[in-house]
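Work through these exercises with the sequence and the 3D view side by side. Try each task before reading its solution.

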Amino acid sequence: MKVLVIGGSYFYGRVFVMEAAKEHEITVWNRGTYSMADFGVKQITGDRHDKKAAASCGGYDAVVDFCAYEAGDVQGMIESLPGRIGQYILISTVDVYERGSGVVKREDAPLEQRKLPGEAGAYIAGKTALEAELRKVCSVRGIPYTVLRPAILYGPYNYAPRESVYIQMMLHNHALPHFTDADGTFQFVYVKDAARAVLKCLGNEKAYGQAYNLCQDQNLTYDSFFHMLQTVADSDVSENLTQVPITLAQAAAQGVPVPFPAVKAETELCDNGKCKVELGLVYTDFEEGMRRTYNAFKHVFAE
């Protein structure tokens with residue numbers, strides 16, 4: 001298939017391109033911060049709103065959009081591409097669901113319509129608006145579409161300061177925090193599994209008009225996450241590791257990272273059954289995924 005990837009040089013998109021290039025003809029359209037030439041793909045350099053870049057595009061069996069964040073991004077992309085679009089796949093987020101219901105969200109759960117504060121609120125509002133925009137524009141133009149809603153992505157190449165922060169603490173400080181009052185629960189998805197989900201949607205008529213949650217089978221707490229880090233770490237690291245008791249308030253005051261939901265009020269969980277049944281997606285065992293992640297980052301932090 002001929003696939004146009006919007007974004008695709010950072011974490012999730014990069015891993016998808018690495019996998020997809022093995023079996024598809026990939027064109028990557030991004031700002032060119034990181035070259036993708038080593039993967040044997042065509043690269044178009046430019047902002048997604050760059051009309052000159054759009055004019056250089058042809059028709060594609062699928063467009064996979066990793067970097068739509070604001071209302072108008074999807075419509076603008078579809079209107080600017082001069083050729084046929086066989087399918088449009090939008091990478092959204094599980095954060096689009098209405099918050100505070102206390103139920104595990106399936107894909108037909110209500111989406112958040114309130115304006116929530118801060119950058120996170122703006123991000124959620126943008127993704128929610130884009131999903132509605134995708135449905136409207138694609139329905140009018142007769143373009144099959146699919147929405148993927150990943151949970152917290154983890155794995156090698158993750159540039160966001162999440163799991164890597166704690167791996168660095170283990171290696172450099174020989175310590176991990178123990179958040180004494182953290183009672184939140186959260187969900188991860190291994191980045192390669194999320195990339196495989198996109199591959200399973202390409203040209204898949206069962207996926208047309210559908211949304212899929214992407215989250216691994218295990219729900220995590222900070223305690224279970226830190227325990228897994230110790231499990232996958234080298235023996236000399238895990239055996240000499242100190243756990244430092246600290247409250248969430250103390251962590252905030254001292255600048256200790258708390259990147260995942262830490263309290264029950266922040267907990268929002270999703271169901272992953274639909275992607276397993278309809279896409280046949282099999283999730284990587286969490287221990288195996290974290291071992292690969294630890295091994296990747298230990299070499300980064302050893303430099």
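**Exercise 1. In which strand is the place of I26? Then describe its surroundings.**

The model is predicted, and every step below refers to it.

Step 1. Find the element. I26 has its place in strand 2, which covers residues 25-30.

Step 2. Judge the exposure. The relative accessible area of I26 is 4%. Buried means under 20%, so I26 is buried.

Step 3. List the contacts. Leave out residues up to four places away in sequence; I26 then touches V3, V5, V17, A20, A21, V41 and K42.

Step 4. Look across the sheet. V3 stands opposite I26 in strand 2. Strand 1 (residues 2-6) pairs with strand 2 in the parallel sense, over 5 bridges.

Step 5. Look along the chain. A265 is 239 residues apart from I26, and 42 Å separate their C-alpha atoms.

**Exercise 2. Decide how far helix 1 is covered.**

Step 1. Locate the helix. Helix 1 spans residues 11-20.

Step 2. Count. Of its 10 residues, 9 are buried, so helix 1 is mostly covered.

Step 3. Name them. The buried residues are F11, Y12, G13, R14, V15, F16, V17, E19 and A20.

Step 4. Link back. V17 and A20 are among the residues that I26 touches.

**Exercise 3. Lay out the sheet of 7 strands and find its edges.**

Step 1. Write the order. This open sheet runs 3-2-1-4-5-6-10, with parallel pairing.

Step 2. Find the edges. Strand 3 (42-45) and strand 10 (210-214) each have a single partner strand, so one side of each is left without a neighbour in the sheet.

Step 3. Add the twist. From one strand to the next, the twist averages 15 degrees.

Step 4. Check the strand 10 end. Strand 6 and strand 10 pair in the parallel sense over 5 bridges. L148 stands opposite Y212 in strand 10.

Step 5. Ask whether an edge strand must be open to solvent. Here 4 of the 5 residues of strand 10 are buried, so strand 10 is largely enclosed by the rest of the structure.

Step 6. Place the helices. Helix 3 (residues 73-80) lies across strand 1, strand 2, strand 4 (62-65) and strand 5 (88-91), at about 150 degrees to strand 5. Helix 6 (residues 191-201) lies across strand 4, strand 5, strand 6 (145-150) and strand 10, at about 165 degrees to strand 6.

**Exercise 4. Do likewise for the sheet of 3 strands.**

Step 1. Write the order. It is 7-9-11, in an open sheet with mixed pairing.

Step 2. Find the edges. Strand 7 (152-154) and strand 11 (219-220) each have a single partner strand, so each has one side without a neighbour in the sheet.

Step 3. Take one pair. Strand 9 (residues 186-190) and strand 11 pair in the antiparallel sense over 2 bridges. The bridge partner of F186 in strand 11 is L220.

**Exercise 5. Classify the packing of helix 5 and helix 7.**

Step 1. Read the geometry. Helix 5 (residues 163-173) and helix 7 (residues 222-232) pack at about 55 degrees, with axes 11 Å apart.

Step 2. Classify. That angle makes helix 5 oblique to helix 7.

Step 3. Give the hand. Helix 5 passes helix 7 in a right-handed crossing.

Step 4. Name the contact. Helix 5 supplies E163, Y166, I167 and M170; helix 7 supplies Y222, F225, F226, L229 and Q230.

Step 5. Sort these residues. They divide into 7 nonpolar, 1 polar and 1 charged.

Technical notes
Residues numbered from 1 in each chain as written. Predicted model: local features only at pLDDT ≥ 70, side-chain atom pairs only at ≥ 80, totals over all residues. Heavy atoms only, no water. Pairing = 2+ DSSP bridges. Axes fitted to C-alpha atoms, helices over the stretch in contact; angles between N-to-C directions. Parallel < 35°, antiparallel > 145°, perpendicular 65-115°, else oblique. Left-handed = near helix turned anticlockwise from the far one by under 90°. Contact = heavy atoms within 4.5 Å. Nonpolar A, V, L, I, M, F, W, Y, C, P; charged D, E, K, R; others polar. Buried < 20%, exposed > 50% of the residue type's maximum accessible area, 1.4 Å probe, protein only.
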